[in-house]
Amino acid sequence: MKSWKLRNIRAAAVLLLLPAALTGCQRQQIPSEQRIHIGVTYYNRNDTYLNELLEHFKQDVKQKEKNAVHIAVTVTDAGGSQKTQDDQVKELIDAGCNVLCVNLVDRSAPSEIIDMAREKGISVIFFNREPVAEDLLQQDGLYYVGADAKESGVMQGELAADWIRENSWIDRNRDGKIQYVVLEGEPGHQDAIIRTENAVETIRNEGIELEKLSYQMANWNRAQAQNRMEQMISQYQNGIELVLANNDDMALGAMDAYKKRNYTESALPVFFGIDGTKEGLQAVMDSRMAGTVYNDKEGQAEAMARLAVALVSGEGMDEIEFEKEKYIYLPYKKVTKENAASLYQENKYDE
Ligand code: GAL
Ligand code: CA
């Protein structure tokens, strides 16, 4: 069946080429057209931040199309399984992709993908879920686009410390300490533990006394965070003064939990997130969330698009700045009520 199809496709291709060949001698040589086919696979299509990032990516890629350069993008969702993702990469390569953008499910298990790419001589841009350095450094043609987890944790800590200093009433039981809980992303993700550690350390270094009540894992997910937060509210009732979430979706989930319990505004803890998603920025604009840290999805999407096109076309590589020849890290930015609306507008969410 397959070979029958192939033969027919080949026959059709020959037919299409024929008129050009016949008239070729009368025409000037036309530069050959270039086809860039970018295969994308990401760990889970329920992830708000990545969906927003990939929307930007598709738009950026479209803008890079020129007369003689055709760009196609195929995006696949690995549904949380590394095995599925490995199979998808094989299918993407078989479908003619000449560069890959991979958001690993398991960031410690890129070897199958790296092997396939090597066999076919295809470059891979890993993004958002950072492979360990040994894996990335093992061969040419492997890159990473993302952001520095530590920076986001420090910024979240600084935002929280500033806010607590200016709003000392948040120490509701007046014991001189801020009772806090953390909602963490996936275990093993570079952005989970590093964000938490740095946020907490930064607040402490700024001279604010903290008391940890609980840590809960909610895998970046709003519904899971709501559920975990409900458990923590049952346990500590009005005792929670500060909620640090590793991302906006989990901060929003924590707010959902309080809303469900009909907490009045004056009894709520203060919430901080990271990402600056559409709903995250909205929550900062409405003062429901005190602050977030902008995870530059436009910058990361644009860097991925530029790099993908440069890798296939061979043009523009010199203009791209790398760290250690393989890494592109986009800076984070603090978000408060003052700049949330302008970031929201820059994202063109309303269009
Ligand atoms: C983080 C982001 C989270 C989630 C995660 C997925 O950088 O803050 O919201 O998208 O990546 O890997
Ligand atoms: Ca207190």
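Visitor: What makes the link between Asp191 and ligand 1 a polar contact?

Guide: An N or O atom in the Asp191 side chain is 2.7 Å from an oxygen atom of ligand 1. A polar contact is a pair of N or O atoms within 3.5 Å, so this pair counts. By the way, this is a predicted model, where local features need pLDDT of at least 70 and side-chain atom pairs count only at pLDDT 80 or more, while totals for chains, interfaces and linings use all residues. Residues are numbered from 1 along each chain as its sequence is written, and side-chain values use heavy atoms, leaving out hydrogens and water.

Visitor: Which distance do you get for Asp275?

Guide: For Asp275, a side-chain N or O atom and an oxygen atom of ligand 1 are 2.6 Å apart.

Visitor: How do you know whether ligand 1 is buried or exposed?

Guide: Taken alone, ligand 1 exposes 310 Å², and the protein buries 99% of that (areas by the Shrake-Rupley method with a 1.4 Å probe).

Visitor: Why are residues such as Tyr43 and Trp220 said to be around ligand 1?

Guide: They're on the list of residues around the ligand, which also includes Asn128, His189 and Asn295. Being near means having a heavy atom within 4 Å of the molecule.

Visitor: How many of the shell residues are charged?

Guide: The shell has 5 charged, 4 polar and 3 nonpolar residues. Asp, Glu, Lys and Arg count as charged, so Asp47 and Arg129 from the list belong there.

Visitor: Which domains supply the shell?

Guide: Domain 1 (33-147 + 296-320) and domain 2 (150-295) each give at least three residues. Those bounds come from an automatic or database domain assignment.

Terms used: Chains are lettered from A and ligands numbered from 1 in the order in which they are written. A polar contact is a pair of N or O atoms within 3.5 Å; within protein, one must be able to donate a hydrogen and the other to accept it, and residues adjacent in sequence count only if both atoms are side-chain atoms.
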